[in-house]
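Reader: Could you take me through one part of this model closely, namely a sheet and the elements that pack around it, and then follow the connections outward from there?

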Amino acid sequence: MSLIFPSSSVVPSSCLNQLKVYSLKSKGSASLNPCFPLVQYKVPWSITQDKYPVSKSKPHRILTSTARDCIRTNNQSTEEKDVSFDGGDQGQEEIEREFHDNRDASVVTYSEWLTQHPSALHTFEQMMKIAKGKQIVVFLDYDGTLSPIVNDPEKAFMTDEMRSAVHEVAECFPTAIVTGRSRDKAIEFVKLKDLCYAGSHGMHISIPPGFLKKYAELEDQTHIADEQGFINFYVAKKFLCKLKKIKEKLQEKTRGIKGAMVEDNKFCISVHFRCVDEENVENVKKIVDSVIKSYPSFRAGGGKKVMEVRPNIEWNKGHALDYLLKTVFGTRNDDVLPLYVGDDATDEDAFKFIKEVGRGFPIVVSSTPKMTDASFSLRDTIEVMNFLTKLTGWRRISSSD
C-alpha cells in the first residue's frame with residue numbers, strides 16, 4: 001500500500017494494518033492517496049500510537065474513530081512509504097457495510113469539507129454558467145433529500161412546499177425520482193405525475209405518457225401503460241417470487257426484535273433498524289446475512305440505519321441514470337447535463353456515474369463531513385428546496401433572454 005504521511009509522523013504498524021477498510025476492492029498492496037479517507041481533503045495528519053491506540057474490538061474503525069482528534073500538520077513535508085497490510089478474515093460485504101455506516105464520521109470540520117464539496121447554493125452562478133445553452137436533466141433521491149429522515153419510514157412525508165418546488169422543476173426540466181423505495185410508494189409520497197419514477201434503486205422505471213411526447217424517443221419500443229397511465233420498464237422481474245419468500249423469512253425472524261421493520265420495496269427488501277436498541281442492531285444484521293445465505297442470487301447492502309436485500313445483478317442508481325439518459329431521454333450527448341441530488345450511500349453510484357461521463361452536477365445532501373463522490377453539497381432538505389426553486393427561476397429567466 002502506498003501511503004503519504006508527514007515525514008515526521010510516527011505511524012505504528014499496528015495502526016497501518018487496520019487500513020484495509022479504506023481499500024475495499026484490494027487484497028495485499030494498493031494505492032491509498034494521501035491517507036484516504038483523510039487525504040481527500042488534502043490534509044496531512046500525524047498519528048502516534050500513544051495518543052491514538054488501536055481499537056481491538058473495532059479495528060477497522062481506527063481512522064474514523066480517532067480522526068477528529070488528529071493533529072493537523074499543514075506545514076510538514078510529505079513522503080511516500082510502502083506498507084503492506086493484512087486484509088483479515090472479515091467478509092467484503094461486512095467491511096463495505098461498516099464503511100458506509102461510518103461515512104458521516106467527522107474527519108475534518110464542515111467548513112473544511114465544504115472547500116472540497118462547495119454548497120450548490122453558493123456556487124449556483126458558476127454552475128449555471130456551465131449549463132448555459134445545455135439541457136439539464138434532474139434526478140432526485142427521496143428520503144433525506146425531498147423529505148427528512150424519520151423513525152417510521154411510512155411517515156416520511158414531503159411538505160407541500162417541497163412538492164410545489166419539485167413540480168416547478170418538472171415543468172422546466174426532464175425530471176426523475178430515483179429512490180430505494182418501491183415505485184408505488186414513491187408515487188404515493190410525491191403525488192406528481194409529470195415526472196419519471198425509478199423505484200427499487202432503478203429496477204422499476206415508470207414514465208408518464210405525456211413525458212414521452214415531451215422528451216423521449218422510444219418509437220421503436222412497445223409501450224403498455226398500467227392503470228395509473230405509466231409505462232413501465234423492469235430490470236429484475238424474475239426475482240419477485242424469491243423476494244416474497246425472503247420478505248416472509250425476514251419478517252418471521254425479526255418479529256421478536258423491538259423496533260425492527262421489514263419494508264417491501266417490490267424489487268428489494270429493506271430491513272430498518274433505526275428504532276432498534278443498540279445492543280440488538282448486530283442481531284438484525286446477522287439475521288439478514290443468515291437469510292440471504294440461502295439465496296445466492298441476492299445480496300445485502302447498507303444505508304442509513306437500514307439493510308437492503310436486492311438481486312445480485314449489475315444494477316444500481318448509476319445504471320438507472322444511464323438507462324434514463326440513453327433510452328428515455330434519448331440522448332447522452334455533450335449538451336445534456338445530469339444533475340443528481342441525494343444523501344445516502346446508494347446515491348454514490350449515481351455520483352460516480354456523473355463523474356465518469358465527465359459532465360453534470362452530483363450534489364450530496366449532508367450537514368456533516370462524509371466521504372462522497374459528489375462535487376457539490378446542500379446541507380438539508382430546506383436547502384434542497386431552495387436550490388430547486390433557484391433552478392427553476394434561472395430557467396425561466398434564461399428562457400426569456
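Author:
**The mixed sheet and its surroundings**

In this predicted model, 8 strands form an open sheet in the order 9-8-7-6-5-14-15-16, and their pairing is mixed. Its edges are strand 9 (231–234) and strand 16 (376–378), each of which pairs on one side only. From one strand to the next, the twist averages 20 degrees.

Within this sheet, strand 14 (residues 336–342) runs parallel to its partner, strand 15 (residues 361–365), and the two are joined over 4 bridges. One point of this pairing can be located by residue, since Val341 has Ile363 in strand 15 as its bridge partner. Helix 5 packs on the sheet and touches strand 5 (135–140), strand 14, strand 15 and strand 16, with its direction at about 150 degrees to that of strand 15.

Helix 5 (residues 124–131) also has a helical neighbour, helix 13 (residues 381–400): the two axes come within 12 Å and cross at roughly 45 degrees. An angle of that size makes helix 5 oblique to helix 13, and the crossing is right-handed. On the side of helix 5, the residues that meet helix 13 are Phe124, Met127, Met128 and Ala131, while helix 13 contributes Phe387, Lys390, Leu391 and Trp394. Sorted by class, this contact of helix 5 with helix 13 consists of 7 nonpolar residues and 1 charged residue, with no polar ones.

A further link involves the loops that lead into two strands of the sheet. Among the 17 salt bridges found in a search of the whole structure is the one between Asp335 and Lys134, whose closest N and O atoms are 3.8 Å apart. Asp335 belongs to the loop between helix 11 (317–328) and strand 14, whereas Lys134 belongs to the loop between helix 5 and strand 5, so this pair ties together parts that are 201 residues apart in sequence.

Helix 11, which precedes that first loop, packs in turn against helix 12 (residues 348–357), at an angle of about 50 degrees and with the axes 6 Å apart. Helix 11 and helix 12 are therefore oblique to each other. Their contact brings Lys317, Gly318, Leu321, Asp322 and Leu325 of helix 11 together with Asp349, Ala350, Phe353 and Ile354 of helix 12. The residues in this contact of helix 11 with helix 12 comprise 5 nonpolar, 1 polar and 3 charged.

A further open sheet, of 4 strands, has the order 10-11-13-12 and antiparallel pairing. Strand 10 (261–264) and strand 12 (298–303) are at its edges with a single partner strand each, so one side of each has no neighbour in the sheet. If direction is ignored, neighbouring strands of this sheet are turned by 20 degrees against each other on average. Strand 11 (residues 269–272) and strand 13 (residues 306–311) pair in the antiparallel sense over 4 bridges, and here His272 has Val306 in strand 13 as its bridge partner. Helix 9 (residues 240–254) lies across strand 10, strand 11, strand 12 and strand 13, and runs at about 165 degrees to strand 10.

Technical notes: Residues are numbered from 1 along each chain as its sequence is written. This is a predicted model: local features need pLDDT of at least 70, side-chain atom pairs count only at pLDDT 80 or more; totals for chains, interfaces and linings use all residues. Side-chain values use heavy atoms; hydrogens and water are left out. Axes are lines fitted to C-alpha atoms, for helices over the stretch in contact, and angles run from 0 to 180 degrees between N-to-C directions. Angles under 35 degrees count as roughly parallel, over 145 as roughly antiparallel, 65 to 115 as roughly perpendicular and the rest as oblique. A crossing is left-handed if the near helix is turned anticlockwise from the far one by less than a right angle, and right-handed if clockwise. Contact means heavy atoms within 4.5 Å. Ala, Val, Leu, Ile, Met, Phe, Trp, Tyr, Cys and Pro count as nonpolar, Asp, Glu, Lys and Arg as charged, and the others, Gly among them, as polar. Two strands pair if DSSP finds at least two bridges between them. A salt bridge is a side-chain nitrogen of Lys or Arg within 4 Å of a carboxyl oxygen of Asp or Glu.
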